[in-house]
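Colleague: Please take a close look at a single helix in this model and tell me how its sides are arranged. A connected account will do.

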Amino acid sequence: MNDIIQTIAVYAIPVIFAITLHEAAHGYIARLFGDPTAYQAGRISLNPARHIDPVGTLLVPVAILLASKLLGSPGMLFGWAKPVPVDFGRLRRPKQDMLWVALAGPAANLLMAILWAFSLRLFLESGLQESFWFEMAVAGVNVNLVLMALNLLPIPPLDGGRILFSLLPNRLAWQYSKIEPYGLVIVVILLVTDVLWLLMRPVLALGTTIVQWFL
């Protein structure tokens with residue numbers, strides 16, 4: 001039981017900030033490109049309380065951590081925050097600017113992974129490899145890289161799906177968008193069949209390489 005409590009404590013701050021700042025980044029970039037919807041809703045904030053979804057940000061990640069600990073096998077940490085409201089029609093160039101709004105979330109995760117890597121470097125130089133804070137920094141790097149890779153999958157409504165929609169020719173983009181109602185079902189199927197990891201592996205490898213530059 002103590003191991004489970006410690007695991008939850010190690011991952012709590014990295015998971016909350018990885019998920020909530022991801023959403024805040026979407027709102028911030030949307031405002032820069034002309035859509036103030038998230039700003040008007042008070043969602044461009046570093047306060048996690050404004051973004052936490054009780055189920056997606058707390059219950060689901062904790063359940064996955066508990067299950068992986070009890071079963072003795074690693075589970076892919078999965079979760080979500082309350083989606084930041086973005087009215088793509090209010091962007092100055094809706095289809096083109098959608099790319100930057102969508103990319104903002106994964107970019108925020110990469111930045112957070114780098115910041116956690118800086119913390120790792122400080123702990124290593126201070127001889128604190130066995131500390132609770134070192135474990136939290138490792139968790140911070142891993143959580144953010146996984147969320148970045150997951151969200152970059154080209155499956156709407158994930159960010160990668162929005163990015164691909166923005167890049168495709170108009171007619172093809174609208175046809176592609178028709179799979180969005182089934183997007184989360186597709187992700188779950190990929191998850192339970194272990195295909196999701198294979199699809200994420202190239203982005204995870206790239207993210208890991210970038211983070212290692214700062215260690």
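Modeller: Helix α8 is followed by D194, whose phi is positive, near 65°. Helices here are DSSP runs of H or I with at least four residues, numbered from the N terminus, while strands are runs of E with at least two. Before going further, note that this is a predicted model, in which local features need pLDDT of at least 70, side-chain atom pairs count only at pLDDT 80 or more, and totals for chains, interfaces and linings use all residues. Residues are numbered from 1 along each chain as its sequence is written, and side-chain values use heavy atoms, with hydrogens and water left out.

The helix itself, α8, spans residues 183–192, and its buried residues are G183, V187 and L190. Buried means under 20% relative accessible area, exposed over 50%, and partly exposed in between, with a 1.4 Å probe and protein chains only. G183, V187 and L190 lie on the same side of α8 because they cover an arc of only 65° around the axis; the arc is that of the directions from the helix axis to the C-beta atoms.

That buried side has two helical partners: the buried residues of α8 pack against α5 (132–151) and α9 (195–212), where contact means heavy atoms within 4.5 Å. On the face of α8 turned away from its buried side, the exposed residues are L184, V185 and V192.

For a buried site in another helix, take T37, which is placed in α2 (residues 37–40). T37 has a relative accessible area of 18% and is therefore buried. Not counting residues up to four places away in sequence, T37 touches P85, D87 and R90.
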